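Please open the structure in a viewer and keep the selection tool at hand. The tour proceeds by selection, with a short account of what is found at each stop.

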Amino acid sequence: MTDRAGRRRARRLAIGTAVVLALAGMNGPWVYRFSTEKYHDYKINRPEYKAENGKWEVVNFPKEYRQNTIHAALLHTGKVLLVAGSGNNADNFDAKKFDTRLWDPVSGTIKKIPTPKDLFCTGHTQLANGNLLIAGGTKRYEKLKGDVTKAGGLMVVHNENPDKPITLPAGTKFTGKENGKTFVSKDPVVVERATKVFDKATGAFLRNDPGLGRIYVEAQKKGSKYETGTQDNYRVQGLSGVDSRNTYGIAEKLALDKKDFQGIRDAFEFDPVAEKYIKVDPMNEARWYPTLTTMSDGKILSLSGLDEIGQLVPGKNEVYDPKTKKWTYTTHTRQFPTYPAISLMQNGKMFYSGANAGYGPDNVGRDPGVWDVATDKFTKLKGLSDPNMLETAGTVLLPPAQDEKYMVIGGGGVGESKLSSKKTRLIDLLSDDPKFTDGPSLEKGTRYPQYSILPDDTVMISGGSEDYRGRGDSNILQARMYDAKTGKLRRVADPLVGRNYHSGSILLPDGRVMFFGSDSLYADKADTKPGKFEQRIEIYTPPYLYRDAQPSLSGGPQTIARGASGTFKSQHTSTILTARLIRPSASTHVTDVDQRSIALDLKKTKDSITVTVPKNRNLVESGWYMLFVTDDQGTPSKAQWVKVP
């Protein structure tokens, strides 16, 4: 090579190097981001990383099957019921477009299910026969201040006649004695007869306590001049004689302020085999945001919710009898905020963690405690940190359920508060003097955490946001695993999708966890762009499925009574250490009272295992369960479905 040729080559290399360096300088952040993302993808897909931290994958349904999933429940067929109703979309509500999907996570098939009512913000729980009880939903969307054109609100109708109830039809007019303004009822109301009160000592008649009925009324005409400022007594137009004297209305301020959602009475059972909703008798009270939970006698307790006029149901609790498929009022009148986290204890009483998800006064029914439903005695529990931040907190019965230890996760201030808690709180209800103590802290204040019990006695805690509905793009893209045996919380792989309001998680029979929903108020940090509902499903594969092969489990009875045993085949009996019955989830609004993992006594032979179900019906509620066995490496089998009658 001549010197001239060598100089030309050296010059070309120098120019090329300069151009590359210039481009790198101009596009440094892009190059860095590209290389960082590529390295991140490489790192999270390495086998050793997945074996330590697990892996996330996004499932995007075909467009025609997508919906705004608000509720999800695992059915004993292995399929997942995804319920949207109107999906927090007023246009869907006005068009009576109510959606439900049935998804098979194994085959990937999706089926549209005809949805009879707007089951948006309903309540649900698993029944002993394998059906899912669903009760309540939406009668009317909220109206924000500025959108309300007619003054209105709650009218309490009084009936002082002890001999008969009175029925007032929709359209009944009420005229104030002091203000002279007339308001019209939107719905019919039955007002029960008055109760005669006698002196207990002498038997002398004292008074009539009037029967009460609650209805929503609004002014006949639009405008602020029809608002009222104070309480007034209202004459009922169209009544005469004794009825006109005995029946009247009392209302506080009737104004153009915000009007809350209104609930419905409708109730259904979803049949997983027929794959359809079956209408049952409606509740006595309309409910929006209620909690349904199983009691000691197998009946279902329905608590709280907003009623048909958008008011918090005033302690009118009721129960559903799965045998008669009818509802009856309970004798107690304890009031709770909406979606209270309440569940059955081994002694037949109910534990209320104080966590809830939405509406109600900040000073009524929010103290945690143990509730004896039979006597209506409520014993408050002490020691809870951040007690003013239990709204949008999660509550989980830690595994195994026999230990009766609960964890309360995160939470925030009442309403649209910016407050959020980093705390986890623990309580041992079997101790002589149960008190809350702090567990390991989360990195950030967390509202709307998703949480699922896993077969290896860990709890998966993921997502949530630092602010109300993810304001300021405050979604938390972090996940952690809590080990109930060691009490330690460790970080695992980060989720790919932010999840806040209207989100949840479900343990699947193969040991994976599915995540659904999220309803951000805004889509940017500046809170200027409206949020978009997250329709993608996300699947988390825990670390235990990236280790050894899952132990096998097959055969065995499909039904095992409490106190009885069942024998199953396995090729890995020598390494199997534990057996768990895990009740399938029914999750919504940070509330999943069905979750529990029950330890089973275990005996082994060369090629089989025999498990024994505990006798306590309060611990092992009747219904379908997933039976998992777990080996000495913490790897679970795929579940076998077992019914406890």
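Two strands are said to pair if DSSP finds at least two bridges between them. The model to which this rule is applied here is a predicted one.

**Stop 1: strand β9 and its partners**

Select residues 152-159, which make up strand β9. Six of the eight residues in β9 are buried, so the strand is mostly covered. Next, add residues 211-219, strand β16, which pairs with β9 in the antiparallel sense over eight bridges. Within this pairing, M155 stands opposite I215 of β16. Then add residues 247-251, strand β18; β9 and β18 are also antiparallel and pair over four bridges. Here V157 faces G249 in β18.

**Stop 2: the sheet from β22 to β25**

Proceed to an open sheet of four strands, ordered β22-β23-β24-β25 and paired antiparallel. Which strands stand at the edges? They are β22 (291-294) and β25 (326-329); each has a single partner strand, so one side of each lacks a neighbour in the sheet. From one strand to the next, the twist averages 30°. Select β24 (residues 318-321) together with β25: four bridges join these antiparallel strands. Y320 has W327 in β25 as its bridge partner.

**Stop 3: the sheet from β26 to β29**

A further open sheet consists of four strands in the order β26-β27-β28-β29, again with antiparallel pairing. The edge positions belong to β26 (342-344) and β29 (377-380), and because each has a single partner strand, one side of each is without a neighbour in the sheet. Neighbouring strands in this sheet are turned against each other by 25° on average, direction ignored. Select β28 and β29, which pair in the antiparallel sense over four bridges, and locate W371, which stands opposite F378 in β29.

**Stop 4: N356**

Remain in this region and select N356, in the loop between β27 (350-352) and β28 (369-372). Is this residue buried or exposed? N356 has a relative accessible area of 2%, and because this is under the 20% cut-off, the residue counts as buried. Its side chain reaches the backbone oxygen of G354 at 3.3 Å and the backbone nitrogen of G358 at 3.4 Å. Beyond residues up to four places away in sequence, N356 touches several others, including P337, Y339, R366 and E391.

**Stop 5: backbone geometry**

Most residues other than glycine have a negative phi, and most peptide bonds are trans. The next selections depart from these patterns.

- Select P399 and P400: the peptide bond between them is cis, with omega near -10°. P400 is in the loop between β30 (394-397) and β31 (405-409).
- Select N88, whose phi is positive, at about 55°, although the residue is not a glycine. N88 is placed in the loop between β3 (80-85) and α4 (90-94), and is partly exposed at 25% relative accessibility.
- Select H502, another non-glycine residue with a positive phi, near 60°. H502 lies in the loop between β37 (488-492) and β38 (503-507) and is buried, with a relative accessible area of 1%.

**Stop 6: salt bridges**

Side chains of opposite charge can pair when their charged atoms come close. The model contains 37 salt bridges.

Begin with E275 and K79, whose side chains meet at 2.8 Å, N to O. E275 is in the loop between β20 (267-271) and β21 (276-280) and K79 in the loop between β2 (71-74) and β3, so the pair ties together parts 196 residues apart in sequence. E275 is buried at 15% relative accessibility, whereas K79 is partly exposed at 22%.

Then select D594 and R583, which form a salt bridge at 2.9 Å, N to O. D594 is in the loop between β43 (586-587) and β44 (597-599), and R583 is in the loop between β42 and β43, eleven residues apart. D594 is buried, with a relative accessible area of 1%, and R583 is buried as well, at 4%. Now select E416, K418, D467 and R471, which are joined into one network by salt bridges that share partners.

**Stop 7: Q571 and D607**

Finally, select Q571, in the loop between β41 (565-569) and β42 (576-582). Q571 is exposed, with a relative accessible area of 70%. Add D607: the two residues are 36 residues apart in sequence, and their C-alpha atoms are 5.7 Å apart in space.

Note on methods:
Residues numbered from 1 in each chain as written. Predicted model: local features only at pLDDT ≥ 70, side-chain atom pairs only at ≥ 80, totals over all residues. Heavy atoms only, no water. Helix = DSSP H or I, 4+ residues; strand = E, 2+ residues; numbered from the N terminus. Buried < 20%, exposed > 50% of the residue type's maximum accessible area, 1.4 Å probe, protein only. Polar contact = N/O pair within 3.5 Å; in protein donor to acceptor, adjacent residues only side chain to side chain. Contact = heavy atoms within 4.5 Å. Axes fitted to C-alpha atoms, helices over the stretch in contact; angles between N-to-C directions. Salt bridge = Lys/Arg side-chain N within 4 Å of Asp/Glu carboxyl O.
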